[in-house]
Amino acid sequence: MYFAGIFTLSAVLGGASPAYPGPVTPHPNAACPSRNVPLEGRKSPLDSLTFQVASQSVKVCYGRPSSRGRIMLGGKDVPYGRLWRTRANEPTIFYAPIALKVAGIAVPPGTYSLYTVPGRTAWGIIVNRSISEWGKEGQYTDKVKAQDLGRAKVKSEPVSSPIETFTIRAEPDGKNANLVLEWEKTRVKIPFQAAK
């Protein structure tokens, strides 16, 4: 299983405990984590993307929920002003092979979860060290919150044609990149920059 692989790698390389893997970063081609729900038959399939920051590969793993006739962003499933795991099932995870600035948050090399707080005109961005949570917002306890690296805000913008399935993609920006979250009528860009 993926997480067992991280923990074994952590032990071999002298990394920290499974709850906080610290600087241990799996190879970008490592499988994405999947717990509790088998990959086959998921309503929200697991997906990933890899992009470059300062010639280094950053990998993002996330679930892709679909609207299916519902209002998701700003609706009862993903209400404005409330914490969201930024996907379905497990929270979105990213692997930073080098020190980064994510929406201005200092992120050392390592493995992190990405939470957001959607809003009408701006989204809160949260980078957290804990990658062992199932992702339900109610499990974001004070213990998990204490592992936040930081919080930031980014603007959201409208899209002209609604997007049925939550999508994360990357746009190059010189040696850096923007992580682009798109769903329904909303687009959010999160800057991923090499730390100076």
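The legends below accompany several close-up views of one predicted model.

**Figure 1. Overall view of the predicted chain and its order of helices and strands****.** The chain holds two helices and nine strands, and along the sequence these elements follow the pattern α-β-β-β-β-β-β-β-α-β-β. Of the 196 residues in the chain, 48% are buried. When contacts between residues at least 6 apart in sequence are considered, 58% of them join residues that are at least 24 apart. The accessible surface of the chain comes to about 9,500 Å², and carbon and sulfur atoms account for 53% of that surface.

**Figure 2. The largest nonpolar core of the chain****.** This core has 33 residues, and those touching the most other members are Phe51, Phe94, Val107, Leu179, Ile190 and Phe192. Strand S9, which covers residues 176-194, gives the most to this core, with seven residues. In soluble globular proteins, nonpolar side chains tend to be buried together.

**Figure 3. The surroundings of isoleucine 190****.** When residues up to four places away in sequence are left out, isoleucine 190 touches Val102, Ala103, Leu114 and Ile125, and also Ala177, Asn178, Leu179 and Leu181. Ile190 is one of the core residues that touch the most other members, and Leu179, a contact of Ile190, is listed there as well.

**Figure 4. The largest pocket and its lining****.** About 260 Å³ of space lies in the largest pocket. Its lining is made of 18 residues, of which Ser44, Pro65, Met72, Arg85 and Ala88 are the closest to the centre of the pocket. Sorted by character, the lining residues of the largest pocket divide into seven nonpolar, three polar and eight charged.

**Figure 5. Two residues with a positive phi, alanine 54 and arginine 68****.** Alanine 54 is not a glycine, and yet its phi is positive, at about 50°. This alanine is found in the loop between strand S1 (46-53) and strand S2 (56-63). Because its relative accessibility is 29%, which lies between the limits of 20% for buried and 50% for exposed, alanine 54 counts as partly exposed. Arginine 68 is not a glycine either, and has a positive phi of about 50°. Arginine 68 is found in the loop between S2 and strand S3 (92-96), and, because its relative accessibility is 45%, arginine 68 counts as partly exposed.

**Figure 6. Cysteine 61 in strand S2****.** Cysteine 61 lies in strand S2, and its relative accessibility is 0%, so cysteine 61 counts as buried. Although cysteine 61 and threonine 92 are 31 residues apart along the chain, their C-alpha atoms are separated by 5.7 Å.

**Figure 7. Serine 48 in strand S1 and the residues that touch it****.** Serine 48 is found in strand S1, and with a relative accessible area of 32% this serine is partly exposed. Leaving out residues up to four places away in sequence, serine 48 touches Cys32, Lys59, Val60, Cys61 and Tyr62. One of these contacts, Cys61, is the cysteine that lies in strand S2. The C-alpha atoms of serine 48 and isoleucine 93 are separated by 9.5 Å, and these two residues are 45 residues apart along the chain.

Conventions:
Residues numbered from 1 in each chain as written. Predicted model: local features only at pLDDT ≥ 70, side-chain atom pairs only at ≥ 80, totals over all residues. Heavy atoms only, no water. Helix = DSSP H or I, 4+ residues; strand = E, 2+ residues; numbered from the N terminus. Buried < 20%, exposed > 50% of the residue type's maximum accessible area, 1.4 Å probe, protein only. Contact = heavy atoms within 4.5 Å. Areas by Shrake-Rupley, 256 points an atom, 1.4 Å probe, with all protein chains shown as cover. 1 Å grid on protein atoms, 1.4 Å probe; cavity = no way out; pocket = protein on both sides within 12 Å on 5 of 7 lines; lining within 4 Å. Points joined across faces, edges and corners; volume = space filled by probe spheres on them. Nonpolar A, V, L, I, M, F, W, Y, C, P; charged D, E, K, R; others polar. Core = buried A, V, L, I, M, F, W, Y, C linked by side-chain atoms within 4.5 Å.
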